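Colleague: Could you walk me through this model and tell me how each label was earned? I would like to set the values beside the cut-offs.

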Amino acid sequence: MAEVCQEIQEYVRKLRRRLHQVPETGLQLPRTAAFLQEELKALGIPFRACRNSSGIVAEIQGGSGKTVALRADMDGLPVQEETGLPWSSERPGCMHACGHDAHAAMLLGAARLLKEKQDTLQGTVRLLFQPGEETMNGAKSMIREGCMEGVDAVFGTHIGTLLGDWIPSGTLVAMPGGCLASTDCFRITIRGKGTHGSMPEKGVDPIRTAASVLLGLDGILSREVPASQAVVLTVGRIAAGETSNVIPETAVMEGSLRTLDAAVRSFVLARMEEVVHGLAAAARAEGTLEILESAPPVVNDAEMAALAARAAEKWLPPEQVWSRPVTPSMVSEDFAWYLQEAPGAFLLLSAPHPDPQKRAGHHNNRFDIDEEVLWEGAVVLAQAAEDFLAG
């Protein structure tokens, strides 16, 4: 077993470092997809490329039986890397700052293990290499192209510190129920009437109205949602005007809403619509709320989470496998859409940087992981798939 772990560790580490150097964003990742396709060819695993994105669907066909899907995202972020690593990004302004390079590498590691056992597999393993997770449209794009047709269960994993860097490195969290929040990315547009800055009475100020709307949104959370409910509403962008002495026609705000409860999510979205329309109308402006992208909460099937935990315990000490509920993270993941198609579990592999002074959160330009645990993600995914098919 130790020999297998070491071999997979070196294989996955090499892949991860190469992928880290060529990050790409969004749905179209030509260099990333080409690299992964070459590796799949080398492993002798057939695949097909998605039509509308750089997504890849590969299959390892064993005997007749069920089909289990294993998913890894593979897109980066528009972030300028500042880690100073020898394998830093070769692309200015683009970085793997969330661990997706490791996810794709670990899935290839799992694929290598499963390919070696192909003759004994009691079903089919489908490998999903997905773009566009950061933009929350990759999973839906691949599902529309049929990647989940005939799938009986689905598993994925996320490396890093989504649940906090207090969890020891190498801990595999396979918790039942909700583990990550929903997300609704929104745009609010306030349309007023432009005028000279010296004569505000002749116009309708969209900036002032937007400020009122922003405070109104905050009031929903502070006065209308029970404090026991986890809800995060963030406005991360406000844009209006071109110069200092002109009241513009429009102001735009963009942000995200994250919740753990479907009913709370519906309530807050409905109230946001009322606040935007009502406060804009009170100021004689027009307000619109658009939902740009969304994903439901990531809710693990209890049976699938337990199966994954048992699979992990075949490779890891019991203290490194957490199958109990842990406080969920308000981070979102479009893996949630796969869980709408089939029961499954999203596993969280803790991997804070070994040097506390070099630790940085996800989406930070200094983000890095403890590479020594990469093998765990590969072997646990492979074991979970094998065990599900044998069950």
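Modeller: Gladly! Let's begin with contact, which means heavy atoms within 4.5 Å. This is a predicted model, in which local features need pLDDT of at least 70 and side-chain atom pairs count only at pLDDT 80 or more, while totals for chains, interfaces and linings use all residues. Residues are numbered from 1 along each chain as its sequence is written, and side-chain values use heavy atoms, with hydrogens and water left out.

Colleague: Which residues is Gly99 in contact with, leaving aside its neighbours within four places in sequence?

Modeller: Ile159 and Phe367. Gly99 itself sits in the loop between S3 and helix H3 (100–116). Helices (H or I, at least four residues) and strands (E, at least two) are DSSP runs, numbered from the N terminus.

Colleague: Why does Gly99 count as buried?

Modeller: Buried means under 20% relative accessible area, exposed over 50%, and partly exposed in between, with a 1.4 Å probe and protein chains only. Gly99 has 2% relative accessibility, so it counts as buried.

Colleague: And what makes Asp73 buried?

Modeller: Its relative accessibility is 0%, so the label fits. Asp73 belongs to strand S3 (residues 66–73).

Colleague: How do you know that Asp73 makes a polar contact with His100?

Modeller: A polar contact is a pair of N or O atoms within 3.5 Å; within protein, one must be able to donate a hydrogen and the other to accept it, and residues adjacent in sequence count only if both atoms are side-chain atoms. The side chains of Asp73 and His100 meet at 3.2 Å, and those of Asp73 and His103 at 2.6 Å. Beyond four places in sequence, the residues in contact with Asp73 include Gln130, Glu133 and Glu333.

Colleague: How many disulfides does the whole structure hold?

Modeller: The search finds zero. Here a disulfide is a pair of cysteine sulfur atoms within 2.5 Å. For Cys179, the nearest cysteine sulfur, that of Cys98, is 14 Å away, so by the 2.5 Å cut-off Cys179 is in no disulfide. Cys185 is in none either, with the sulfur of Cys98 again nearest, at 14 Å.

Colleague: Is Cys185 buried, exposed or partly exposed?

Modeller: Partly exposed, because its relative accessibility is 25%. Cys179, at 0%, counts as buried.

Colleague: What makes S10 and S13 the edges of their sheet?

Modeller: Strands pair if DSSP finds at least two bridges between them. The open, antiparallel sheet has four strands in the order S10-S12-S8-S13. S10 (231–240) and S13 (286–295) each have a single partner strand, so one side of each lacks a neighbour in the sheet. S10 and S12 (residues 250–259) pass the pairing test with nine bridges, and Thr234 stands opposite Ser256 in S12.

Colleague: How do you know that the length of H7 agrees with its expected span?

Modeller: The expected span of a helix is 1.5 Å times one less than its number of residues. For the twelve residues of H7 (residues 302–313) that gives 16 Å, and the end C-alpha atoms are 17 Å apart, which agrees. At the start of H7, a side-chain oxygen of Asp301 comes within 3.0 Å of the backbone nitrogen of Glu303. The buried residues of H7 include Met304 and Leu307, and the elements that its buried residues pack against include strand S5 (153–160) and helix H9 (374–390).
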